[in-house]
Amino acid sequence: ASVESGVVENVPLNVINNVNNYGISQIDFKDVNVTVNGSANNISQVSAEDIDVYFEMPELPGTYDLPLYVKSTNHPYVTFILDKASVHVVVVEANQ
């Protein structure tokens with residue numbers, strides 16, 4: 001089977017490891033487009049709900065360019081490429 005590619009648009013960003021319950025006062029974007037590579041049959045089964053795009057909450061408030069990560073638990077035979085590698089965020093304490 002030849003390798004095909006497709007694009008899943010508007011996949012929302014998720015935040016992990018927000019142990020201090022910080023807020024985000026500014027973020028450059030809230031979703032990304034994800035290119036999916038694999039066989040046509042496998043690509044056709046992937047939707048935005050299957051793709052987890054996330055960044056890790058920093059340990060301290062401040063302004064950051066945070067790397068984006070992508071994973072999918074139920075599609076092991078395709079690869080994912082994000083249209084953006086990082087996101088610019090301003091992290092604030094929860095009561096601000």
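Here's a quick briefing on the fold, the strand pairing and one buried residue of this chain. The model is predicted, so read everything below in that light. In secondary structure the chain has one helix and eight strands, and going along the sequence they come in the pattern β-β-β-α-β-β-β-β-β.

**Overall build**

- The C-alpha trace spans about 50 × 20 × 15 Å along its principal axes.
- Of the 96 residues in the chain, 34% are buried.
- Accessible surface for the chain adds up to about 5900 Å², and carbon and sulfur atoms own 46% of that area.
- Looking at contacts with a separation of 6 or more, 69% link residues 24 or more positions apart.

**The five-stranded sheet**

- Five strands make an open sheet, ordered β6-β4-β1-β3-β7, with mixed pairing.
- The edges belong to β6 (69-71) and β7 (79-82); each has a single partner strand, so one side of each lacks a neighbour in the sheet.
- Ignoring direction, neighbouring strands in this sheet are turned by 40° against each other on average.
- Inside the sheet, strand β1 (residues 4-16) runs antiparallel to β3, and seven bridges join the two.
- As a landmark for that pairing, look for Val 7, which sits opposite Thr 35 in β3.

**Strand β8 and its partners**

- Strand β8 covers residues 86-92 and is mostly covered itself, with five of its seven residues buried.
- Strand β2 (residues 23-27) is joined to β8 by four bridges, and the two run antiparallel.
- In the β2 pairing, Gly 23 faces Val 92 of β8.
- Strand β5 (residues 62-67) also runs antiparallel to β8, this time with six bridges between them.
- Here Gly 62 is the residue standing opposite Val 91 in β8.

**A closer look at Asn 37**

- Asn 37 belongs to strand β3, which takes in residues 31-38.
- Its relative accessibility is 19%, and because the cut-off for buried is under 20%, Asn 37 counts as buried.
- Leaving out residues up to four places away in sequence, Asn 37 touches Val 3, Glu 4, Ser 5, Ile 43, Tyr 77, Val 78, Thr 79 and Ile 81.
- Some of those contacts can be placed on the sheet: Glu 4 and Ser 5 fall within the residue range 4-16 of β1, while Thr 79 and Ile 81 fall within the range 79-82 of β7.
- In the sheet order, β3 stands between β1 and β7.

Terms used. Residues numbered from 1 in each chain as written. Predicted model: local features only at pLDDT ≥ 70, side-chain atom pairs only at ≥ 80, totals over all residues. Heavy atoms only, no water. Buried < 20%, exposed > 50% of the residue type's maximum accessible area, 1.4 Å probe, protein only. Pairing = 2+ DSSP bridges. Contact = heavy atoms within 4.5 Å. Axes fitted to C-alpha atoms, helices over the stretch in contact; angles between N-to-C directions. Areas by Shrake-Rupley, 256 points an atom, 1.4 Å probe, with all protein chains shown as cover.
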